[in-house]
Amino acid sequence: MSARVRVGIVGGGIAGVGLALGLKDHAHLDVTLFESARAFGEIGAGVSFGANAVRAIAGLGMGDAYAALADRTPAPWDDVWFEWRHGDDTRLLGTSRAPGVGQSSVHRADFLDALATRLPLSMTQFNRRATHVEQTEDSARVRFADGTDHEADIVIASDGIKSSLRDDVLRGLGHVPVAPRFTGTCAYRGMIESDRLRRAFEAVGVDTHLVDVPQMILGLDAHILTFPVKQGRLINVVAFVSDRSDSDPQWPAGHSWVREASRREMLEAFAHWGVAARTLLACIDAPTHWALHELAQLPGYVHGRLALIGDAAHAMLPHQGAGAGQGLEDAYFLARLLADPAIARGNLPGLLAAYDAIRRPRACRVQQTSWEAGELYELRDPAAGRDDALLGATLETRFDWIWQHDLDADVAAAHAQLRRASVV
């Protein structure tokens, strides 16, 4: 047997761990996952996945772990992704449906914990903060902050929006480094016990249906989403507020992107909203405040034997619930190609080039439309404006192209590209 193909994965978030799980059982691969922290961990609360992401999860061998944790909209609303409502009076604008999936969500940290337990202990190294990658024609060497290094045949950087390896790719391609940029949008996040919210709604005469079904409540320059986590015991709430007074907003240097906030501060931001929204937010005792950053669309995800996946490549606004899903699509794509011993041993730079050619246009489009979705939700989209009928119709159908994407067709296209390259 030829030497095993050495795959180094830098970053132990959902995309990195997902890729490692997708590769761990192939005898021709030698996979090592490096995580900068002392243990796997995620910040944040609930994360939702569209039908495309759920298929990728299953294809990476994580379907059982996900099914054991995932929440679904209860019957008879099983297929509902979100109901769309106005913030002033919660009148219904429309309903987005994802047949067979609905609003599928988990608590982010719980999901990562469940995945991490499925990784062999020997596959992961903690306290390894990567600083850069050095390449030769035949290998890539990851350098770490502690002075150590690791040689691999390819390195996959899944180290998030603040990636330490992204600049290596961009400089290698002849481009200037790209830093995360503040979007002008901030979000208040919190969890509410569903029984408590139900009682609060009943007390002010708000339909408790809004507890049972995921909601997206829209207003000028702000919107609120809710969906269940922890098997419906908790309601995850995210309340977005956008400051559009500056076309190039800047987040103060050195300030944390996440901080504790007071309930009073949050309620003041939504003081002019209707009773349902204000009652909902009043049930959050200790909100956190998040400054939302994103990446510009990158000119390339790959340089030689180094590739970016997940937020390291395409961190985006969360307005389509698609960011984590794009990372999982990256992982699925690479796992399917690397699972073929002939491809893995034959042309690793070509394999990564196919990843860039096929995955990057889709991820960039999801980035762009995630920004556009925020404009729509916050009543700034010039096409929909404030026409309720047009807005509702647009919201009901705009996600289909994301959810129904054929991941296996992408893999087949990569195989075809590699075959063409081999005969040139």
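## A walk from strand 15 outwards

Start by selecting Leu225 and Val238: leucine 225 stands opposite valine 238, which lies in strand 15. Keep in mind as you go that this is a predicted model.

Now widen the selection to residues 222-229 and 234-242. These are strand 14 and strand 15, and they pair in the antiparallel sense over eight bridges. The two strands form a hairpin, with four residues between them. Click on lysine 230 in that turn: its phi is positive, at about 55 degrees.

Next, add residues 181-193, which is strand 12. Strand 12 runs antiparallel to strand 15 and is joined to it by nine bridges. To find one of these spots, pick threonine 185 and look across to its bridge partner, serine 242 of strand 15. How enclosed is strand 15 by the rest of the structure? Largely so, because seven of its nine residues are buried.

From here, hop to glutamate 294, which sits in strand 17 (residues 288-294). Is glutamate 294 buried or exposed? With a relative accessibility of 11%, and the cut-off for buried being under 20%, glutamate 294 counts as buried. Show its surroundings and, leaving aside residues up to four places away in sequence, you'll find it touching Ile161, Pro180, Arg181, Thr183, Ala315, Met316 and Leu317.

Then move on to leucine 308 in strand 19, residues 306-308. This one comes out at 0% relative accessibility, so it counts as buried. Again skipping residues up to four places away in sequence, its contacts are Ala157, Ser163, Leu165, Arg166, Val169, Leu298, Tyr301, Ala313 and Tyr355. Try a distance label to arginine 166: the two C-alpha atoms are 6.9 Å apart, although the residues are separated by 142 places along the chain.

For the last stop, select residues 14-23 and 108-116, which are helix 1 and helix 4. They pack with their axes 10 Å apart and at an angle of about 25 degrees. That angle makes helix 1 roughly parallel to helix 4, and their crossing is left-handed. Turn on side chains to see who meets whom: Ile14, Val17 and Leu21 come from helix 1, while helix 4 brings Arg108, Phe111, Leu112, Leu115 and Ala116. Colour that contact by residue type and you get seven nonpolar residues, no polar ones and one charged.

Definitions and conventions:
Residues are numbered from 1 along each chain as its sequence is written. This is a predicted model: local features need pLDDT of at least 70, side-chain atom pairs count only at pLDDT 80 or more; totals for chains, interfaces and linings use all residues. Side-chain values use heavy atoms; hydrogens and water are left out. Buried means under 20% relative accessible area, exposed over 50%, partly exposed in between (1.4 Å probe, protein chains only). Contact means heavy atoms within 4.5 Å. Two strands pair if DSSP finds at least two bridges between them. Axes are lines fitted to C-alpha atoms, for helices over the stretch in contact, and angles run from 0 to 180 degrees between N-to-C directions. Angles under 35 degrees count as roughly parallel, over 145 as roughly antiparallel, 65 to 115 as roughly perpendicular and the rest as oblique. A crossing is left-handed if the near helix is turned anticlockwise from the far one by less than a right angle, and right-handed if clockwise. Ala, Val, Leu, Ile, Met, Phe, Trp, Tyr, Cys and Pro count as nonpolar, Asp, Glu, Lys and Arg as charged, and the others, Gly among them, as polar.
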